[in-house]
Amino acid sequence: MQQNSNMAGNAFDRRTLDWYIDKGMQLVVFIGGISAIIFIIGIFVFITLEGMDFVFGRFDPVEFFTTEYWFPSDEDDPEFGILALIAGTASVTGLAMLVAIPFALGAAIYIGEFATGKKREYLKVLVELLAAIPSVVWGFIGLSIMNPLIIEVFDVPVGLNVLNAGVILGLMAAPIMASIAEDALKAVPESYREAAEALGATRWQVIFKVVLPAAKNGLLGAVLLGVGRGFGETMAVLMATGHSVNIPGSIFDSVRALTATIAAELGETAVGSDHYGALFTIGIFLFLITFVINLSADLIVRGVRKG
Amino acid sequence: MFEISDLNKRNQKKQKLFQILFMLMTLLLIAPVLIILGTLIYKGGSIISVDFLFTHPTDGMTAGGIFPALFGTVWLVAVALLVSVPIGVAAAIYLSEYAPDNWFTRIINLAIINLAGVPSIVHALFGVGAFVIFFKFGTSILAASLTLAIMTLPVVIVASRESLQAVPKAFREACWNMGATRWQTIRRVVLPNAVSGILTGVILEVSRTTGETAPIMFTGAAFFLPFLPQGVFDQTMALSLHLFVVSTQVPGVPEALPYGVALVLIAMVLIMNSISIAFRMYLRGKKKW
């Protein structure tokens, strides 16, 4: 009798323990689940915290965004204009997209619609490996392979310029855009293609008249993510642009990007100085821009799934 | 009646043309990288040796090996993994097993996408503001690894979530019917079936972490250190930053040296990615459900 009730007690105890473990783990994984939100907010809070002194002190939005004079460490009259840096980032990203979009879309169409079986698998693996090459290696390629090549081919004095960084960045962004674009093509239901083929459409008619229009939003999302990547890329543009503050007149001009400016100057600034705060303010600006780009890419891609 | 008309012929010609055009575009996308790899091997291959991998740099980094940088990268990656894998897998479990399909889950997903999309240099600023200054870790392996961990968290979350979701619903239902709690089901049935898929994600993250440069520049990686790090509060050299330093910051470096460093770095990254891809394909082939 005594033994019996003991056993019952044990069984009861074990059940409650499992129940507590279950609830405990639910809480643990929930905390893990919201960690991404915590980190995103954390990033914004901490870079704002460091940039705040500048934003509420020396910062003048008109000067900051509309002048091109970036002399943050001048002792008598420091100037904080990031227009030239914005122009640098925009010109490099723009050229990168000109390079990347046709190739990425072409590759996505070939891999998704034409290639079959083993060939398709191999191409997908190659594209995935391309996307894995670290940005500092791309920067080194711009510096050591592209630089002499541009000097020789175009007969210009400096090979570190918009062209160099744009091509490098385009090559970097293309594989990522290609795989996202391929996903978008894959998401178009097979029945669309079958219906078009049943009506007598040829392969390319199916692709141009049916698949591409249907995948339009996903493809736009892929392009936007590529733009976001271009805006945020740091090491490659630091090494391949020539790093001189300049509003470019041609693709052979050296420029300097927003990201590269932070990377090059943060090490030399005193914590809490105006220069330091200005670099964090650029960081806030970059954070907000990429946030908006990613958000709109997500909204556009989701839109197509609902419809 | 079913003769091939002129229109058909024209269409077929057009189709062939487009197919070749798109194939060329794909090849043109891939070709530069093969050329680059070839150049790296051609110019840097001669310097690679056991000595190069296992000795310290000498003569102001213009000669000698890359051992401290390799060693530091291993440190940084290991500490980053210790932080990001548990958090990432927990997040994946929540999203795959618990999260309801509502606005809150959507915000979590959006946060993950954004975490992956925030520029690496902004992660670096965050690392400086949060870990180096606010939490007073100083410039150290700990601060750099935490920055890397947060930056690469989406890689683990996305890969783990995918492999958890690939476990059939029937497995879970069978387990619940036996009276198991939710956690027991996850621990005994779902996770064992998903662990190899999670592993491919972790390998991918190792590769990503190895190559990142900007986030560690100001948080814990140094241009040159005469000694190896002893603990997580020391600074360290790192392979990715070492490539930046020898190719831009040090005068008089022999040409082969940065090519050699780039070759080692790219080889590490590509080998790890290949392992991850091969492993994933093997698992897909083995899967019985």
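**Reading helix pairs and contacts in a predicted model**

Biologist: How do the axes of helix α10 (residues 239–249) and helix α11 (residues 256–286) of chain B sit relative to each other?

Modeller: Bear in mind that this is a predicted model. In chain B, the axes of α10 and α11 come within 9 Å and cross at roughly 160°. Angles over 145 degrees count as roughly antiparallel, so α10(B) is roughly antiparallel to α11(B).

Biologist: And what is the handedness of the crossing of α10(B) and α11(B)?

Modeller: Left-handed for α10(B) and α11(B).

Biologist: Which residues of α10(B) and α11(B) meet there?

Modeller: From α10(B) you get L239(B), S240(B), H242(B), L243(B), V246(B) and S247(B). Facing them in α11(B) are L257(B), P258(B), V261(B), A262(B), V264(B) and L265(B). Sort the contact by class and you find nine nonpolar residues, three polar ones and no charged ones.

Biologist: Let's try a pair in chain A. At what angle do helix α5 (residues 135–154) and helix α6 (residues 162–186) of chain A cross?

Modeller: Roughly 135°, with the axes of α5 and α6 of chain A coming within 10 Å. An angle counts as roughly antiparallel over 145, so α5(A) ends up oblique to α6(A). The crossing of α5(A) and α6(A) is right-handed.

Biologist: Which residues make the contact between α5(A) and α6(A)?

Modeller: On α5(A), they include W138(A), I141(A), M146(A) and I150(A). On α6(A), L163(A), V167(A), I168(A) and M172(A) are among them. By class, this contact has nine nonpolar, four polar and no charged residues.

Biologist: Now one level up. Where do the domains of chain A lie along the sequence?

Modeller: The domain assignment puts domain 1 at 2–57 and domain 2 at 70–306 of chain A. Taken over C-alpha atoms, the centres of domain 1 and domain 2 of chain A are 37 Å apart. Each contributes to the contact: nine residues from domain 1 of chain A and nine from domain 2 of chain A. On the domain 1 side, the residues divide into five nonpolar, two polar and two charged.

Biologist: Last one, the two chains. How many residues does the contact take from chain A and from chain B?

Modeller: Chain A gives 75 residues and chain B gives 71 residues. On the chain B side, helix α1 (residues 6–44) supplies the largest share, 16 residues. By class, the side of chain B that touches chain A has 49 nonpolar, 19 polar and three charged residues.

Note on methods. Residues are numbered from 1 along each chain as its sequence is written. Chains are lettered from A and ligands numbered from 1 in the order in which they are written. This is a predicted model: local features need pLDDT of at least 70, side-chain atom pairs count only at pLDDT 80 or more; totals for chains, interfaces and linings use all residues. Two residues are in contact if their C-beta atoms, placed from the backbone, lie within 7 Å. Helices (H or I, at least four residues) and strands (E, at least two) are DSSP runs, numbered from the N terminus. Ala, Val, Leu, Ile, Met, Phe, Trp, Tyr, Cys and Pro count as nonpolar, Asp, Glu, Lys and Arg as charged, and the others, Gly among them, as polar. Domain bounds come from an automatic or database domain assignment. Axes are lines fitted to C-alpha atoms, for helices over the stretch in contact, and angles run from 0 to 180 degrees between N-to-C directions. Angles under 35 degrees count as roughly parallel, over 145 as roughly antiparallel, 65 to 115 as roughly perpendicular and the rest as oblique. A crossing is left-handed if the near helix is turned anticlockwise from the far one by less than a right angle, and right-handed if clockwise.
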